[in-house]
Structures are given as C-alpha cells and as structure tokens.
Amino acid sequence: MGQQRIIIMGISLLMLTLFLVGCKGDKLDEEKIKNIEYTVTSEDRLPEELKVLVDGKKQQPFKMTYQDGDYLFICQGYGTQPSGGYSIQVEDVYQTSNAIYFSSTLIGPSQAERKLEKETTPYIVIKTEYQDMTVVFD
C-alpha cells in the first residue's frame, strides 16, 4: 500500500508540474508602440521563392510571412473569388512590445464588375524591414 501511495503522489506531482508549465505561455501585447512603414509589393517585385509559395496557396484564403535578407514580407490572400474587380485595403500595420499586427480588408467589385464571370484570386503582399517578431493577422 505504501508503494502505491508514493506512485500516486509522484504521478500527481508530475501532472501538476506539466499543468503549470503549460499555462505559462507568452501573451501577445496588443498595445500599439508605433506604426510600421511598409510598401505594397506587386507580384513582379517579389522574390522568386515567395512568388512560388503564393501561387501555390492563392486558391484558398491564406496568411503567411516570408523573410528575405533585411526584409519581411507579410502576405494575405482571400481565395478564389467569382469575378474581377476586387481590391484589398491595408487597415493597419503596427508594432507592439512583442509582435507586429497586420489587418486588411477585401473590398468587393462594382455591380458591373460582378457580371464578369472570370474568377480571380486577390491577395496582398507588403514589404517592411525585418524584425524578429511574431506577426498577428487581425
């Protein structure tokens, strides 16, 4: 009976330790420190490897980042849309104490453009100076 009690106490202590370690996690701070300067980058100005990655993902909605030297590329795609005429507006790009926040909005086409039956895959890529931080897509 004594050994069984020691084993149960050992397992309980191990489970409590794992629980406490698992709860630690770093929280992302949402308080804006500064706006981040960026450039919207056209497809012909993307690094070749990034072009291939975006091309493979653009049929479905996607969010990704890509580093190339001193630059960070933040990419968001909205998947296949039924017509042309869509545009994407960058809402905000800013830095907190431990993350970069990015938000954009897909803007729909006019009535005339909706009648065109050509599918499109709207996406946006912005380029900024590289910072070793998590990017949060809002």
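With which residue does Asp92 form a salt bridge? In this predicted model, the partner of Asp92 is Lys32, and the closest N and O atoms of the pair are 3.5 Å apart. The contact links distant parts of the chain, since the two residues are 60 residues apart. Asp92 belongs to strand β5, which spans residues 87-95, whereas Lys32 lies in the loop between helix α1 (2-24) and strand β1 (34-35). Both residues are partly exposed: Asp92 has a relative accessibility of 25%, and Lys32 has a relative accessible area of 41%.

The structure holds three salt bridges in total. Another of them joins Lys51 to Glu48, with 3.6 Å between the closest N and O atoms. These two residues are located in helix α2 (residues 48-57). Because Lys51 and Glu48 are three residues apart in this helix, about one helical turn separates them. Their accessibilities fall into separate classes: Lys51 is partly exposed, at 23% relative accessible area, while Glu48 is exposed, at 54%.

The remaining salt bridge is formed by Lys58 and Asp55, whose closest N and O atoms are 3.2 Å apart. Lys58 has a relative accessibility of 17% and therefore counts as buried, the cut-off for this class being under 20%. Its partner Asp55, in contrast, is partly exposed, with a relative accessible area of 47%.

Notes. Residues are numbered from 1 along each chain as its sequence is written. This is a predicted model: local features need pLDDT of at least 70, side-chain atom pairs count only at pLDDT 80 or more; totals for chains, interfaces and linings use all residues. Side-chain values use heavy atoms; hydrogens and water are left out. A salt bridge is a side-chain nitrogen of Lys or Arg within 4 Å of a carboxyl oxygen of Asp or Glu. Helices (H or I, at least four residues) and strands (E, at least two) are DSSP runs, numbered from the N terminus. Buried means under 20% relative accessible area, exposed over 50%, partly exposed in between (1.4 Å probe, protein chains only).
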